[in-house]
Amino acid sequence: AAKAGVPRPCGSAGEQGAGCCVELRVSCKHLLDRDTLNKSDPCVLLLMQSQGQWMEVDRSEVIKSNLNPVFAKIFTVDYYFEEVQKLRFEVYDSHGHAGVGTHDDDDFLGGMECTVGQIVAQKRVTKPLFLKYGKFAGKSTITVISEEISGNNGYVELAFRAKKLDDKDLFSKSDPFLEIYRIDDDRSEQLVYRTEVVKNNLSPVWEPFKVSLNSLCSCEEKRKLRCVVWDYDSRGKHDFIGEFFTTFEEMQKVQWDCMNPKYKIKKRNYKNSGVVVLLDLKIHRVYSFLDYIMGGCQIHFTVAIDFTASNGDPRNSCSLHYINPYQPNEYLKALIAVGEICQDYDRQVPPRGPSPRGSMAGDGTCRHRPQQVLMPLPLQR
């Protein structure tokens, strides 16, 4: 199963030097077949160059026996317009997921290098895969599709089951799994999620999963979704059981007929190839800092200053509290820098602190008299 899940937190566009978040979807075609009996079991590693070194960012799921894989894993990276961010995609034939790319048992199927900027600018990049020393990996290609994550960081938690699915196997029952595709404006389909396989079961209950609203429907409730049920085959030749179309808005319907178009034409009394049921739907909104501010959140800014004798006489230029007649001291500079930002959200900024007069106790601790010192701060320019 591919754990697409919820995107990790990205740099907010309002932060110093931060860019936006970009989702990357990966697929390959015509991969080299390294296995003798079956086809390759590909997995993709995403690496990013940092200080001259390639560092692994994330990796996809392993897809069994498939030379044309479409990975359900969605890679999430921060995009900075002002930087050249080098990426490297490495494809391996896995012989054990835990050691992908680290053991000699894993066959290297090819790699491709590009930048985040190239993918973002072209939105869809298809390049050949290369083996070591610049040799072409046959006709192998890799396609990377980019999509900017919108400001809506909400996600949805879904749980599905099916009932009375068609039996595609001769000596046992079907091994069903469910795929969800988002249909884009250009009629292309983007794989959103692929469930785990439930073995030998015509009424499977799939594990609940989480997916971002951006990935599921581009935050558009009326966008079409295509849901497909397959009978898993270890050789990669999965049998089509049926499909249905819906939208996020229609998911309140709870139940859909799983239809096989060929059976519908050929069989006069054909009803369906099973029923898919939505067991649970939970919407989670991930609020940004701006959401809180625009929602009426108030920030109260209070400054505490420790006027201890150990900091020295404020008339002495060596003291941290030195009152310089020509420029503010370090304390005042810090207060002004922070206060100028916070004053937009809290017009009353009272500095508070203990009295400069204190006494030293016998245990070595300093005790201040409970006196409050208030003074105005020149925050307005």
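## Exercises on a predicted model

Of the 381 residues in the protein chain of this predicted model, 43% are buried. The secondary structure comprises 5 helices and 20 strands.

**Exercise 1. Determine which parts of the chain call for caution on grounds of pLDDT.**

Solution. Begin with the overall figures: the mean pLDDT of the protein chain is 82, and 81% of its residues reach 70 or more. Next, locate the weak stretches. Over residues 11–18 the pLDDT is below 50, and this stretch has 10 contacts in the model beyond near neighbours in sequence. Residues 355–381 also have pLDDT below 50, with 46 contacts beyond near neighbours in sequence. Finally, apply the general rule: where pLDDT is low, the predicted coordinates should not be read in detail.

**Exercise 2. Describe the largest nonpolar core and identify the elements that supply it.**

Solution. First, find the members that touch the most others: of the 32 residues in this core, these are L24, V26, F89, V91, I119, I142 and V144. Second, assign the core to secondary structure. At least two residues each come from β1 (20–29), β2 (42–50), β4 (70–79), β5 (86–93), β6 (107–115), α1 (116–122), β7 (124–130) and β8 (136–148). Strand β2 gives the most, with 5 residues. Third, note that another core, of 27 residues, lies apart from this one; V198, F209, M251 and W256 are among its members.

To examine one member of the largest core, take I142. With residues up to four places away in sequence set aside, I142 touches V26, S27, C28, F89, V91, M112, V125, T126, K127 and L129.

**Exercise 3. Establish whether R182 is buried or exposed, and find its side-chain polar partners.**

Solution. Place the residue first: R182 belongs to strand β10 (residues 176–183). Its relative accessible area is 2%, below the 20% cut-off, and therefore R182 is buried. Then list the polar contacts. The side chain of R182 meets the side chain of E147 at 3.2 Å, and that of D184 at 2.7 Å.

**Exercise 4. Derive the strand order of the open sheet of 4 strands and explain which sides of its edge strands lack a neighbour.**

Solution. The order is β12-β9-β16-β15, with antiparallel pairing. The edges are β12 (209–212) and β15 (255–257); each has a single partner strand, so one side of each is left without a neighbour in the sheet. From one strand to the next, the twist averages 35 degrees. For the pairing at the β12 edge, 4 bridges join β12 to strand β9 (residues 155–163), and the two run antiparallel. As a specific register point, L158 has F209 in β12 as its bridge partner.

**Exercise 5. Characterise the surroundings of G242.**

Solution. G242 lies in strand β14 (residues 239–247). Because its relative accessibility is 0%, G242 counts as buried. Excluding neighbours within four places in sequence, G242 is in contact with C227, V228, V229, C258, M259 and N260. For M259, the C-alpha atom is 4.7 Å from that of G242, although the two residues are 17 apart along the chain.

**Exercise 6. State what share of contacts joins residues at least 24 apart in sequence.**

Solution. Restrict the count to contacts in the protein chain between residues at least 6 apart in sequence. Of these, 61% join residues at least 24 apart.

Technical notes:
Residues are numbered from 1 along each chain as its sequence is written. This is a predicted model: local features need pLDDT of at least 70, side-chain atom pairs count only at pLDDT 80 or more; totals for chains, interfaces and linings use all residues. Side-chain values use heavy atoms; hydrogens and water are left out. pLDDT is the predictor's confidence in each residue, from 0 to 100. Contact means heavy atoms within 4.5 Å. A nonpolar core is a set of buried Ala, Val, Leu, Ile, Met, Phe, Trp, Tyr and Cys residues joined through side-chain atoms within 4.5 Å. Buried means under 20% relative accessible area, exposed over 50%, partly exposed in between (1.4 Å probe, protein chains only). A polar contact is a pair of N or O atoms within 3.5 Å; within protein, one must be able to donate a hydrogen and the other to accept it, and residues adjacent in sequence count only if both atoms are side-chain atoms. Two strands pair if DSSP finds at least two bridges between them. Axes are lines fitted to C-alpha atoms, for helices over the stretch in contact, and angles run from 0 to 180 degrees between N-to-C directions.
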